[in-house]
Amino acid sequence: MPVIDVKHPLVKHKVGLMREADISTKKFRELTQEVARLLAYEATADFPTEKVTIECWSGPTAVDQIAGKKVTVVPILRAGLGMLDGVLDILPNAKVSVVGLARDHETLKPVNYFDRFVGQLDERTALIIDPMLATAGSMIATIDLLKARGCKDIRALVLVAAPEGVKALEATHPDVRCWTAAIDSHLNAQGYIIPGLGDAGDKIFGTKE
Ligand SMILES: O=P(O)(O)OC[C@H]1O[C@H](OP(=O)(O)OP(=O)(O)O)[C@H](O)[C@@H]1O
Ligand SMILES: O=c1cc[nH]c(=O)[nH]1
Ligand SMILES: [Mg+2]
């Protein structure tokens with residue numbers, strides 16, 4: 001199942017707290033990081049490891065080490081930046097690629113205004129982060145960019161997904177797994193997730209009037 005609804009009680013509890021209408025910017029930011037950290041833990045559970053021998057205090061000892069090239073985390077600007085520190089808490093050596101996309105409010109289609117990828121994407125796992133999967137247009141566009149650069153192991157973390165976005169993502173990129181803290185009811189006429197979180201970018205950046 002490419003979209004995975006993470007059932008962990010901590011995840012469900014924390015995403016529930018994020019739905020409070022009058023939540024402060026501080027609290028919203030903190031919870032975004034906390035849920036991101038927990039989703040990253042789930043999404044890395046099958047990372048391959050290899051044995052390496054290190055010099056332990058008691059002599060040479062075989063230990064497990066994550067195999068392969070360093071992961072690249074891919075925040076989708078702006079809102080994805082809100083999840084970045086949480087993910088880097090558990091992947092402190094990860095490299096960061098950045099994709100700037102903004103949804104056109106009329107068409108709901110993503111407009112690409114920036115991208116900067118790290119090298120050797122064909123050898124890395126990419127972990128895309130964005131709090132919201134609404135129509136999935138932004139996520140699909142980001143996956144398209146990564147695949148065009150040869151990336152083969154692409155995973156995504158979102159806080160809240162709409163069923164419409166889940167369907168679109170699974171149909172377009174069935175090889176990409178996406179971990180979500182919640183799958184909500186539907187999208188409204190403006191393309192916002194219901195009940196959702198509102199505009200996650202505005203809440204993280206404090207730009208809501
Ligand atoms: O699945 P979609 O229909 O594409 O919608 C989801 C996108 O919309 C939001 O970003 P927004 O365009 O509001 O930009 P922002 O992060 O700068 O606020 C959100 O962070 C996703 O990137
Ligand atoms: O509900 C939504 C949909 C898109 N972007 C958001 O920030 N929230
Ligand atoms: Mg926004």
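What follows walks through a predicted model of a protein with its ligands, from overall confidence to the binding-site residues and the strands around them.

The predictor is confident in this one: the protein averages a pLDDT of 97, and 99% of the residues score at least 70. The model as a whole comes in at ipTM 0.97 and pTM 0.97. UniProt, in an unreviewed entry, lists residues 7–207 as "domain: Phosphoribosyltransferase". Over that stretch the chain is 33% helix and 32% strand, and the C-alpha atoms at its two ends sit 31 Å apart.

Ligand 1 has 23 residues around it, and those that come nearest are Ala79, Ala134, Thr135, Ser138 and Gly201. Several elements chip in at least two residues each to this shell: strand E4 (72–77), strand E6 (98–103), strand E9, helix H4 (137–148) and helix H6 (200–205). By residue type, the shell splits into 14 nonpolar, 6 polar and 3 charged. Around ligand 2 the residues are Ala79, Met132, Ala134, Gly191, Tyr192, Ile193, Gly196, Asp199, Ala200 and Gly201. Here the split is 6 nonpolar, 3 polar and 1 charged.

How do the annotated positions fit in? One "binding site" feature in the unreviewed UniProt entry takes in Arg78, Arg103, Asp199 and a run of positions that includes Asp130, Leu133 and Ser138. Asp130 falls in the loop between strand E8 (125–129) and strand E9 (132–133). Loop or not, Asp130 counts as buried because 28 C-beta neighbours lie inside 10 Å, where 20 would be enough. Beyond its close neighbours in sequence (those within four places), Asp130 is in contact with Ile76, Ala79, Gly80, Ser138, Met139 and Val158. Ser138, one of those contacts, carries the "binding site" annotation too.

Leu133 belongs to strand E9. This leucine is also buried, as 28 other C-beta atoms lie within 10 Å. With residues up to four places away set aside, Leu133 touches Met139, Val158, Ala161, Ala162, Gly165, Leu169, Cys178 and Thr180. Met139 and Val158 appear in the contacts of Asp130 and again in those of Leu133.

A second "binding site" annotation, again from the unreviewed entry, covers Ile193, Gly198, Asp199 and Ala200. Of these, Ile193, Asp199 and Ala200 turn up around ligand 2. Ile193 is found in strand E13 (residues 193–194). With 26 C-beta neighbours inside 10 Å, Ile193 counts as buried. Its contacts, again leaving out residues within four places in sequence, are Met132, Ala134, Val160, Ala162, Asp184 and Leu187. Met132 and Ala134 are listed among those contacts and are also found around ligand 2. Gly198 sits in the loop between E13 and H6. Is Gly198 buried or exposed? Gly198 is in between: with 17 other C-beta atoms within 10 Å, this glycine is partly exposed.

Next come the strands. E11 (residues 177–183) is mostly covered, with 5 of its 7 residues buried. Strand E1 (residues 3–5) runs parallel to E11 and is joined to E11 by 3 bridges, with Val3 standing opposite Cys178. Strand E10 (residues 153–161) pairs with E11 as well, in the parallel sense and over 6 bridges. In that pairing, Ala161 has Ile183 of E11 as its bridge partner. This part of the sheet ties back to the binding site: Ala161 and Cys178 are both touched by Leu133.

Strand E3 (residues 59–66) is another story. None of its 8 residues is buried, so E3 lies largely in the open. Strand E2 (residues 49–56) runs antiparallel to E3, and 8 bridges join the two. A hairpin of 2 residues links E2 to E3, and Cys56 stands opposite Gly59.

One last spot is His105, placed in the loop between E6 and strand E7 (110–116). With 8 other C-beta atoms within 10 Å, His105 is exposed. His105 and Gly191 are 86 residues apart in sequence, yet their C-alpha atoms are 8.5 Å apart in space. Gly191 is one of the residues around ligand 2.

Methods
Residues are numbered from 1 along each chain as its sequence is written. Chains are lettered from A and ligands numbered from 1 in the order in which they are written. This is a predicted model: local features need pLDDT of at least 70, side-chain atom pairs count only at pLDDT 80 or more; totals for chains, interfaces and linings use all residues. UniProt positions are given in the numbering used here, feature names are shortened, and annotations may be inferred rather than shown by experiment. Helices (H or I, at least four residues) and strands (E, at least two) are DSSP runs, numbered from the N terminus. A residue is buried if 20 or more other C-beta atoms lie within 10 Å of its own, exposed if 12 or fewer, and partly exposed in between; C-beta atoms are placed from the backbone. Two residues are in contact if their C-beta atoms, placed from the backbone, lie within 7 Å. pLDDT is the predictor's confidence in each residue, from 0 to 100. A residue is near a molecule or strand if its C-beta atom, placed from the backbone, lies within 6 Å of it. Ala, Val, Leu, Ile, Met, Phe, Trp, Tyr, Cys and Pro count as nonpolar, Asp, Glu, Lys and Arg as charged, and the others, Gly among them, as polar. Two strands pair if DSSP finds at least two bridges between them.
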